[in-house]
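Please open the model in your viewer and set the display to cartoon. The stops below are given in the order in which they may be selected.

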Amino acid sequence: MTDAVTSYGVLLKKSTVLIGEVSSVDGMELSKEALEATFHSNGGWREFITSGLKSLSEFKAVINYTDGGLSTLITDWSAGTLGSYTLTYANTDVWTFTALVTKIKPSSADAKSSDTLTAEITFVPSGTASVA
């Protein structure tokens, strides 16, 4: 029997406030820079050490456009304000981070389509992040 976890049920919050109706979220990437530390007498193999600097990659979330659903994000984008966010997965893993909202892109509105109006939000994490 598999122990796989479903992607359905992801929640994105700013502090404790749910952000819109999330339809998709890019995977974020935890990274550390590798620095080359090759030296002349190591047998000709490149060697690397970590810089110790950690980062969480920029990511996008697509949310359904709801009444008032974007107002907080637009305010933060306009002011350039960092916000405290959590991304909770269906298996209850919680990613906590601080981020800037750098882009807000509403989807095209087509009068001939009954598609849901959505908005793509780009976040750039800054500073400490935790995964629990």
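The tour goes from the sheet to a helix, an aromatic pair and a pocket.

This is a predicted model, in which local features need pLDDT of at least 70 and side-chain atom pairs count only at pLDDT 80 or more, while totals for chains, interfaces and linings use all residues. Residues are numbered from 1 along each chain as its sequence is written, and side-chain values use heavy atoms, with hydrogens and water left out.

**The sheet.** Select the strands (DSSP runs of E, at least two residues, numbered from the N terminus). Seven of them form an open sheet in the order β2-β1-β7-β8-β9-β6-β3, with antiparallel pairing; two strands pair if DSSP finds at least two bridges between them. At the edges are β2 (17–18) and β3, each of which pairs on one side only.

**Inside the sheet.** Select β7 and β8, which pair in the antiparallel sense over six bridges. S84 stands opposite T98 in β8. The two strands form a hairpin with five residues between them, and T92 in the turn has a positive phi of about 75°. Next, add β9: its antiparallel pairing with β8 runs over ten bridges. Which residue stands opposite E120 of β9 in this pairing? Selecting K105 gives the answer. V62 also stands opposite E120; strand β6 (residues 59–64) pairs with β9 (residues 118–131) over six bridges, again antiparallel.

**The helix.** Select α1 (residues 71–79), which packs on the sheet and touches β1 (11–14), β7 (83–88), β8 (94–106) and β9. A helix is a DSSP run of H or I of at least four residues, and contact means heavy atoms within 4.5 Å. The direction of α1 makes about 85° with that of β8; axes are lines fitted to C-alpha atoms, for helices over the stretch in contact, and angles run from 0 to 180 degrees between N-to-C directions.

**An aromatic pair.** The structure holds four aromatic pairs. Rings of Phe, Tyr and Trp (its six-membered ring) pair if their centres lie within 6.5 Å; planes under 30 degrees apart count as stacked, over 60 as edge-to-face and the rest as tilted. Select F59 and F97: their ring centres are 5.6 Å apart and their planes are at 85°, so the pair is edge-to-face. Because F59 lies in strand β6 and F97 in strand β8, the pair ties together parts that are 38 residues apart in sequence.

**The largest pocket.** Finally, select S7, G9, V10, V22 and S23, which lie nearest the centre of the largest pocket among its 15 lining residues. On a 1 Å grid over the protein atoms alone, a pocket is an open set of points where a 1.4 Å probe fits, with protein on both sides within 12 Å along at least five of seven lines; lining residues have an atom within 4 Å of a point. Strand β3 (residues 21–25) gives the largest share of the lining, five residues.
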